[in-house]
Amino acid sequence: MTTTAVEGTRVDAIRVFILDDHELVRQGLRDLLEHEGMDIVGESDSAHEAGRRIPALKPDVAVLDGRLSDGTGIEVCREVRSVDPRIRCLILTSYDDDQALRAAILAGASGYILKQIRNHDLANAIRRAAKGESLFDPILRDAALKGMVAGAMSDPRLDVLSPQERRVLELIGHGLTNRQIGEELRLAEKTVKNYVSSMLAKLGFERRTQAALYLAQTGQA
């Protein structure tokens, strides 16, 4: 967060990135959030471009349109958080879709918000996400994550993995970095990197984002 002066005090301005394929929507969000004292660090109408720019700009929160011409906000969320899990993502959509809601949870989003939300409530949701809060019901979130792991780990294609490689894959699905996985498993980061490389090679993947997507898709099947 950057620091700005407001009425003689110092407050942290939340850094926000906006992804939406409608220019009027982006402008409306920019005007609203800047009025709320937030700092808009970037915007885009393309999922592909956003997936590249967001990790580089390091916003506190990325507000992502659910459906775009070249992808979805959920896919962008998964990609961004696999690179930098400190970036919080909110899916802002016109569609009340249970499957998409579950996919947003599995992608590591902080919330799934309908565009009918009131301006003040949206601003508060972004503030909560910036603090690391989840806007999902805890029971729903835990059930989705457990379902993802259980569904994926029952796939016979994973029989080629060692127990440690399976654990590393599970933690990648939860959005952890190699360093965080090392802390969780009490392993050196270099050792974790070797496990990740071995696991990806055995499953025929080139990037860890593919492994995270595999987990999410298997958990939804």
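Which residues line the largest cavity? In this predicted model, the lining is made up of R78, R81, S82, L106, A107, G108, I172, G173, H174, G175 and A212. Three elements each give two or more residues to that lining: helix 3 (73-83), helix 4 (98-107) and helix 7 (163-173). Helix 3 gives the most, with 3 residues.

How much space do these residues enclose? The largest cavity has a volume of about 90 Å³, and the structure holds 1 cavity of 30 Å³ or more. By character, the residues of its lining divide into 4 nonpolar, 5 polar and 2 charged. As background, rolling a probe the size of a water molecule over the atoms shows where empty space is left.

Now let us turn to strand 8, which covers residues 88-93. Is strand 8 mostly covered or mostly open? It is mostly covered, with 5 of its 6 residues buried. Strand 8 pairs with a strand on each of the two rows below.

| Partner of strand 8 | Sense | Bridges | Residue opposite L92 |
|---|---|---|---|
| Strand 5 (residues 61-65) | parallel | 5 bridges | D65 |
| Strand 9 (residues 111-114) | parallel | 4 bridges | I113 |

L92 is a handy place to start looking: this residue of strand 8 stands opposite D65 and also opposite I113 in strand 9. From strand 8 the chain crosses through helix 4 to strand 9, in a β-α-β crossover that is right-handed. Helix 4 thus links the two topics of this report: it lies on the path between strands 8 and 9, and it is also among the elements that give two or more residues to the lining of the largest cavity.

Technical notes:
Residues are numbered from 1 along each chain as its sequence is written. This is a predicted model: local features need pLDDT of at least 70, side-chain atom pairs count only at pLDDT 80 or more; totals for chains, interfaces and linings use all residues. Side-chain values use heavy atoms; hydrogens and water are left out. On a 1 Å grid over the protein atoms alone, a cavity is a set of points where a 1.4 Å probe fits but cannot get out, and a pocket is an open set with protein on both sides within 12 Å along at least five of seven lines; lining residues have an atom within 4 Å of a point. Grid points are joined across faces, edges and corners, and a volume is the space filled by probe spheres set on the points. Ala, Val, Leu, Ile, Met, Phe, Trp, Tyr, Cys and Pro count as nonpolar, Asp, Glu, Lys and Arg as charged, and the others, Gly among them, as polar. Buried means under 20% relative accessible area, exposed over 50%, partly exposed in between (1.4 Å probe, protein chains only). Two strands pair if DSSP finds at least two bridges between them. A crossover is right-handed if, with the strands pointing away from the viewer, the path from the first strand over the helix to the second runs clockwise.
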